[in-house]
Structures are given as C-alpha cells and as structure tokens.
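Trainee: Please take me through one part of this model up close, starting from a single loop residue and working outward. I'd like the cut-offs behind each term as you go.

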Amino acid sequence: HRPVERRARDQTAAETAKKNTSYSEKAEKEERTPSKREELKVGLLSPRGCTGTGSFMLGASPLALEDVEKIRPMGGLSSVHITPTDHQYWDTIGSDGRGEDTTNLERFKVYAPANGFIVDIEQHTDYRVVIEHSCTFYTIFIHIDKLSDKIMAAAGLKEGEAGNHAWPRIPVEEGEVIGSIGIGKLDFSVVDGNVTLTGFVNPES
C-alpha cells in the first residue's frame with residue numbers, strides 16, 4: 001500500500017502547488033490591473049474621481065446673453081457675504097439685483113459651458129451644481145431654481161425636497177440645458193487649480 005499512498009501524497013502536493021500558483025498569478029494580475037475606481041484620480045473638487053488635466057476656453061455661456069441684464073464681477077465687498085466674493089453674479093433681464101422670482105422658474109435656461117461631468121449637487125430651496133471639466137478645472141453654479149429631468153433622475157433627487165447632497169457623475173455636453181431660473185441672479189464661478197490669483201491675500205501677513 002505504501003507506493004499507492006506515496007502517489008496519492010505526490011498528487012495532492014502537485015494539486016496544492018498548482019492552486020497556489022494560480023492564486024499567485026491571479027493576485028499579480030489584479031495588482032497590475034487597477035479597478036475602474038482606481039483609474040479615476042481624486043480631483044480638486046471631485047473627491048470620488050476625475051479625468052483629464054488642464055483648462056481651456058469655455059464654449060457656451062451659462063445664460064443666453066439676450067437673457068442677461070448685467071454681470072457683476074467677482075471680488076465684490078459686502079457686509080453680508082464672504083468678502084471678497086469668489087463668484088460672479090449674472091442678473092437676468094428684469095432683475096433689480098435683490099428680489100427673486102418664485103413663480104416662473106423655467107423662464108431662463110441654464111447651460112453647461114463645456115463638456116464635462118456633474119460631480120456635486122446640493123439641493124436646498126434651489127440647487128448648487130459643480131461641473132468637472134478636468135481634474136483641475138471646474139465651473140460652479142449656485143441658485144439654479146430647477147434642474148433638468150435627466151439630472152434629477154440620474155442623481156436620485158426629487159423636486160420639493162431640501163437638505164440633500166449628491167455626488168453623481170453625470171455626463172453633460174457643451175450647451176446642454178442643465179436647469180433654469182426665474183427672474184433674479186445666477187451665481188457663476190470658474191475654478192482653475194493651476195492658477196493662483198494675486199491681490200486677494202498678502203502671503204507675508
């Protein structure tokens with residue numbers, strides 16, 4: 001019986017070695033092949049991943065120019081706001097710069113200024129939206145009154161709710177309607193992580 005036992009032991013050892021080799025090769029392959037999550041780098045404003053680098057000229061206005069009364073530049077001083085302001089105010093036709101229309105919230109369309117991904121949505125009585133154009137280049141919209149049906153569905157949001165915060169990854173194209181506002185103002189800003197503005201802070205103070 002001893003030759004039979006020896007052959008059985010040899011066969012078991014060979015099978016164990018084969019399994020170990022298979023597991024080792026699989027682990028090595030998985031280590032060399034990053035997952036989809038790992039392929040997306042963490043961006044300046046995309047904590048759950050981003051693609052691309054650098055900035056470029058935006059191709060579309062966030063509001064149609066014929067719908068704009070005036071644009072107030074960033075850097076304004078105010079006693080009731082973070083100073084200096086880090087965004088522009090786009091005042092619509094008919095706006096006095098103070099009051100907001102709460103009845104016709106689909107009057108003025110809001111557009112994606114370039115291709116990208118919506119990566120951050122805050123839902124209050126209105127919406128704050130961040131679009132990633134690259135890992136270092138973003139546009140931010142505040143006070144969008146309504147979002148498009150596509151975006152609401154993709155983000156899992158329901159109209160009329162408040163206090164929600166979503167981090168989706170919704171592709172949008174340049175010039176695509178992402179929402180709308182009534183008479184009033186749209187806060188708009190561009191964030192470029194490769195540019196540091198001067199004149200706002202004295203680094204020696």
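Mentor: Leaving out neighbours up to four places away in sequence, G54 touches S134, T136, F137 and N194, where a contact means heavy atoms within 4.5 Å. G54 itself sits in the loop between α2 and β1; helices here are DSSP runs of H or I with at least four residues, strands are E runs of at least two, and both are numbered from the N terminus. Keep in mind that this is a predicted model, so local features need pLDDT of at least 70 and side-chain atom pairs count only at pLDDT 80 or more, while totals for chains, interfaces and linings use all residues. Residues are numbered from 1 along each chain as its sequence is written, and side-chain values use heavy atoms, with hydrogens and water left out.

So much for bookkeeping; back to the loop. G54 comes out as partly exposed because its relative accessibility is 22%. The classes, using a 1.4 Å probe on protein chains only, are buried under 20% relative accessible area, exposed over 50%, and partly exposed in between. G54 also pairs up with a residue far along the chain: H133 is 79 residues away in sequence, yet the C-alpha to C-alpha distance is 8.8 Å.

Now move to C50, which is found in the loop between α2 and β1. C50 counts as buried because its relative accessibility is 2%. Its C-alpha is 7.5 Å from that of E132, although 82 residues separate the two along the chain.

What does C50 form with C135? The two make a disulfide, with their sulfur atoms 2.0 Å apart; the cut-off for calling a disulfide is a pair of cysteine sulfur atoms within 2.5 Å. With C50 in the loop between α2 (36-39) and β1 (68-72) and C135 in the loop between β5 and β6, the pair ties together parts that are 85 residues apart in sequence. The torsion about the S-S bond is about 105 degrees, so this disulfide is right-handed. Both C50 and C135 are buried. Searching the whole structure turns up 1 disulfide.

Next, the nonpolar packing. The largest nonpolar core has 26 residues, and the members touching the most others are I121, V129, F141, I144 and I178. A nonpolar core is a set of buried Ala, Val, Leu, Ile, Met, Phe, Trp, Tyr and Cys residues joined through side-chain atoms within 4.5 Å. Two or more residues of the largest core come from each of β3 (108-111), β4, β5 (127-134), β6 (137-144), α3 (149-155), β9 (170-172), β10 (177-181) and β11 (185-192). Apart from that core lies another one, of 6 residues, and C135 is among them, along with V119, V130 and I140. So our disulfide partner shows up again there.

Take I178 as a close-up of the big core. Setting aside neighbours within four places in sequence, I178 contacts V110, Y111, A112, I131, F141, I144, K146, L147, S148, I151 and V172.

Two more strand residues are worth a stop. S189 sits in strand β11 and is classed as buried because its relative accessibility is 12%. Beyond four places in sequence, S189 touches D86, H87, Y138, T139 and I140; I140 is one of the residues of the 6-residue core. The C-alpha atoms of S189 and Y89 are 8.9 Å apart, with their positions 100 residues apart along the chain.

Q123 belongs to strand β4 (residues 116-123). At 0% relative accessibility, Q123 counts as buried. Not counting residues up to four places away, Q123 is in touch with M152, L157, K158, E159, G160, E161, A162, G163 and N164.

Finally, zoom out to the whole chain. The chain holds 3 helices and 11 strands, running α-α-β-β-β-β-β-β-β-α-β-β-β-β from the N terminus on. Of its 205 residues, 34% are buried. Take the contacts between residues at least 6 apart in sequence, and 71% of them join residues at least 24 apart. The contact between G54 and N194, where we came in, links two far-off sequence positions.
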